[in-house]
Structures are given as C-alpha cells and as structure tokens.
Amino acid sequence: MQIVVDLNRCQGYAQCAFLAPGVFTMHGEESLLYTPVVPEEQRERVTRAVAACPVQAILVGEEAGSGAR
C-alpha cells in the first residue's frame, strides 16, 4: 500500500498520527512526517487514518501515484 500526503492541504490536526503512529509522526506542532510505503500490518490503521483526516490530505494507492505531493 502506497500513500502520499498533500502537505499543502494538511493542517496538522494529527488524527493520522494518533490512529497510525507507526506510519505518521508529527514533527513539531505542524510538520508531518510519514512513511510512503505502508507495511501490510499497518494497512487497517492507515485506512482509518485516511477516513479520519478532516481535510482529506492522505491519498492511497493509485491516487497516491498521481503526483499529489
């Protein structure tokens, strides 16, 4: 599973970091760090994080490959 976070859209709500801390990490108060290739064991957590993002900044699969960085 591949993901891309549109960092221009991300507002630092940190819902993803709370739901999938093995993939998303807040660096400071507003900067997000993430792992673009999600390990299989994190798939369910990341799916929940994608759904919880209030600004829909996380793209998955084919959407992630469209260059949304």
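This report describes the fold, the charged contacts and the internal space of a predicted model.

**Overall layout**

The protein chain holds two helices and four strands, and, read from the N terminus on, its elements follow the order β-α-β-β-α-β. Of the 69 residues in the protein chain, 29% are buried.

**Salt bridges**

Where do the charged side chains pair up, and how many salt bridges does a search of the whole structure find? The search gives two, and both are set out in the table below with the distance between their N and O atoms.

| Salt bridge | N to O distance |
|---|---|
| Glu-40 with Arg-43 | 3.1 Å |
| Arg-48 with Glu-44 | 2.5 Å |

In the pair formed by Glu-40 and Arg-43, Glu-40 counts as exposed because its relative accessibility of 55% is over the 50% cut-off, whereas Arg-43 has a relative accessible area of 35% and is therefore classed as partly exposed. The other pair, Arg-48 and Glu-44, lies in helix H2, which covers residues 43-52. Because these two residues are four apart in that helix, about one helical turn separates them, and their side chains meet in the salt bridge at 2.5 Å.

**A buried acidic residue**

Asp-6 is found in the loop that runs between strand S1 (3-5) and helix H1 (15-19). Although Asp-6 is buried, it has no salt bridge. Which side chain of opposite charge is nearest to Asp-6? That side chain belongs to Arg-9, at 4.4 Å, and since a salt bridge requires the nitrogen and the carboxyl oxygen to be within 4 Å, the pair does not qualify. The side chain of Asp-6 does, however, reach the backbone nitrogen of Asn-8, at a distance of 3.0 Å.

**Internal space**

Rolling a probe the size of a water molecule over the atoms shows where empty space is left. In this model, the count of cavities of 30 Å³ or more comes to one, and the largest cavity contains about 90 Å³ of space. Its lining is made up of 14 residues, and those that lie nearest the centre of the cavity are Cys-10, Tyr-13, Ala-14, Cys-16 and Cys-53. What classes of residue make up this lining? Sorted by class, the lining of the largest cavity has 11 nonpolar and three polar residues, with no charged residues among them.

Note on methods:
Residues numbered from 1 in each chain as written. Predicted model: local features only at pLDDT ≥ 70, side-chain atom pairs only at ≥ 80, totals over all residues. Heavy atoms only, no water. 1 Å grid on protein atoms, 1.4 Å probe; cavity = no way out; pocket = protein on both sides within 12 Å on 5 of 7 lines; lining within 4 Å. Points joined across faces, edges and corners; volume = space filled by probe spheres on them. Nonpolar A, V, L, I, M, F, W, Y, C, P; charged D, E, K, R; others polar. Buried < 20%, exposed > 50% of the residue type's maximum accessible area, 1.4 Å probe, protein only. Lys, Arg positive; Asp, Glu negative; His and termini not counted. Polar contact = N/O pair within 3.5 Å; in protein donor to acceptor, adjacent residues only side chain to side chain.
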